[in-house]
Amino acid sequence: MTPSATAAEAVLTGLDEIRGWQEDCYRDLHRHPELSHHEVRTAGLVADRLAEYGYRVHDKIGGTGVVGVLENGSGPTVLLRADMDALPVQEATGLDYASTVRGTDDDGHDVPVMHACGHDVHVTALLGAAHLLADGREHWNGTVVALFQPAEETADGARDMVDDGLATVVPGVDVALGQHVFPIPAGTIGTHSGPFLASADSMRITVYGRGAHGSMPQSSVDPVVLAAMIVVRLQTIVSREVAPVESVVLTVGSIESGSKSNVIPDRAVLQLNIRTYSRQTRTTVLEAIRRIVEAECQASGSPREPEFEMFGRFPLTDNDPATTDRVREAFTGFFGDRCLDMPQGAASEDFSEIPAALGAPYTYWGVGGTDPVAFRRAMESGRVAQDIPVNHSPDYAPVVQPTLDAATQALVIAALAWLAPN
Ligand code: ZN
Ligand code: ZN
């Protein structure tokens with residue numbers, strides 16, 4: 001066995017003692033989800049726990065961000081990251097620890113709140129790993145940085161922490177590691193070298209027409225027809241302007257215009273979401289959108305230039321190959337054939353903002369959260385896409401075990417691939 005595998009085995013013996021607490025913590029977090037930027041209760045719980053384990057705690061970084069630092073002799077510094085926020089989704093899992101929480105979103109709307117993306121798993125697993133690494137500190141040397149980030153879902157939590165001076169509170173970080181629970185069988189871990197998750201851009205486009213009575217279209221410039229033409233024409237970007245080997249997603253997720261059948265409105269607002277895997281393709285797609293919208297406005301005789309507003313911008317998650325190899329080797333040693341290769345995904349993450357700002361290489365892997373029996377049954381009947389709830393669905397809730405065990409083990413094993421003495 002390698003020194004890191006020996007150390008991991010020793011550190012992980014403590015898992016039996018903390019498992020009960022972790023399961024309670026997960027159910028508690030699941031029952032008390034908090035919207036992006038409002039993770040006050042979660043951050044408080046995290047800060048208390050980290051202090052109890054002996055970490056130096058820095059809180060309120062970038063709003064509700066919390067960083068715990070555990071220095072344990074000379075050696076590498078490993079940053080482990082979890083995100084804390086939940087989503088405006090009405091939970092429909094029927095679990096006895098389902099959320100009934102409601103909150104107020106940033107637009108002032110009363111909304112249901114649910115941990116529909118499994119960030120409660122991430123928080124619980126990282127607290128568990130932080131605890132185990134602290135208790136088992138005689139087995140490793142170096143520094144552990146446990147980072148709990150707000151507002152991943154709104155794409156600005158990592159950036160907020162960076163802008164609020166993250167680099168000054170964490171020592172020189174040698175490697176940054178992150179994970180996400182996905183709808184793959186619980187107990188499995190998936191790694192991916194190179195571009196893993198897409199960069200994402202959201203765009204709000206306002207196009208202008210001229211309002212009129214619904215019976216007098218000749219007096220109008222109809223923004224509903226204009227918006228419809230734009231939606232159709234945008235489909236040609238992926239099919240006609242991007243090489244077939246490149247993956248791009250361009251979704252028009254929302255169109256709003258008018259309020260009454262006999263009134264032609266004066267504007268339409270479209271909201272787009274764009275996912276790409278390379279900088280060049282991203283530029284091509286964003287420029288094509290602008291060109292098409294401007295040209296369609298001109299074709300319609302629109303009285304005002306269209307307006308474009310970018311938001312929800314996620315960077316590309318591009319896993320460093322050497323870092324990924326090192327983690328994968330450690331995972332394979334522990335998980336055996338439960339360590340898989342994950343395919344590229346169209347989801348997005350802002351995690352990479354943190355290592356980018358700290359100048360550290362990174363890798364980000366997937367952990368399974370789906371009941372393995374249900375998953376096998378769905379595979380056998382060819383109904384995985386229909387029957388297995390995915391992240392952000394009202395039915396998505398990772399099974400408690402073996403999800404928590406595997407997610408906690410993964411963090412400890414990956415961290416010790418750097419921290420353990422050779
Ligand atoms: Zn999410
Ligand atoms: Zn997520």
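This dialogue explains how to read the zinc site, the domains and the salt bridges of a predicted model.

Trainee: Which conventions apply here?

Mentor: Residues are numbered from 1 along each chain as its sequence is written, while chains are lettered from A and ligands numbered from 1 in the order in which they are written. Because the model is predicted, local features need pLDDT of at least 70 and side-chain atom pairs count only at pLDDT 80 or more, whereas totals for chains, interfaces and linings use all residues; side-chain values use heavy atoms, with hydrogens and water left out.

Trainee: What are the protein donors of the zinc ion (ligand 1)?

Mentor: Donors are N, O and S atoms within 2.8 Å of the metal (3.2 Å for Na, K and Ca); water is not among the atoms, so sites may look incomplete. Here Cys 117 gives SG, Glu 153 gives OE twice and His 392 gives NE2, at 2.0 to 2.7 Å from the zinc ion (ligand 1). The spacing of these donor residues in sequence is C-x35-E-x238-H.

Trainee: How is the geometry of this site classed?

Mentor: Ideal angles at a metal are 109.5 degrees for four tetrahedral donors, and 90 or 180 degrees for six octahedral ones. In the classification, four donors are tetrahedral if all angles lie between 85 and 135 degrees; four are square planar and six octahedral if opposite donors are over 155 degrees apart and all others between 65 and 115; anything else is irregular. The angles among the four donor atoms of the zinc ion (ligand 1) run from 53 to 151°, and the site is irregular.

Trainee: Which residue bridges the zinc ion (ligand 1) and the zinc ion (ligand 2)?

Mentor: Cys 117 does, and the two ions lie 3.0 Å apart. Cys 117 is in the loop between strand S5 (110–112) and helix H4 (119–135), and His 392 in the loop between helix H12 (384–387) and helix H13 (403–419), so the pair ties together parts 275 residues apart in sequence. Helices (H or I, at least four residues) and strands (E, at least two) are DSSP runs, numbered from the N terminus.

Trainee: Are Cys 117 and His 392 buried or exposed?

Mentor: Buried means under 20% relative accessible area, exposed over 50%, and partly exposed in between (1.4 Å probe, protein chains only). Cys 117 is buried at 7%, and His 392 is partly exposed at 40%.

Trainee: What does the domain assignment of the chain give?

Mentor: Domain bounds come from an automatic or database domain assignment. Domain 1 covers 3–195 + 316–419 and domain 2 covers 199–313. Their C-alpha centres lie 36 Å apart.

Trainee: What area is buried between domain 1 and domain 2?

Mentor: Buried area is the accessible area (1.4 Å probe) that two parts lose on being put together, summed over both. It is about 670 Å² between these domains, with 53% from carbon and sulfur atoms. Leu 316, Ala 346 and Ser 348 supply 58% of the area that domain 1 buries against domain 2, more than any other three residues.

Trainee: How many salt bridges are counted?

Mentor: A salt bridge is a side-chain nitrogen of Lys or Arg within 4 Å of a carboxyl oxygen of Asp or Glu. The count is 22, with zero between domain 1 and domain 2.

Trainee: Which residue forms a salt bridge with Glu 349?

Mentor: Arg 81 does, with the closest N and O atoms 2.8 Å apart. Arg 81 also pairs with Asp 83, at 3.6 Å. Salt bridges with shared partners join Arg 81, Asp 83, Glu 349 and Asp 350 into one network.
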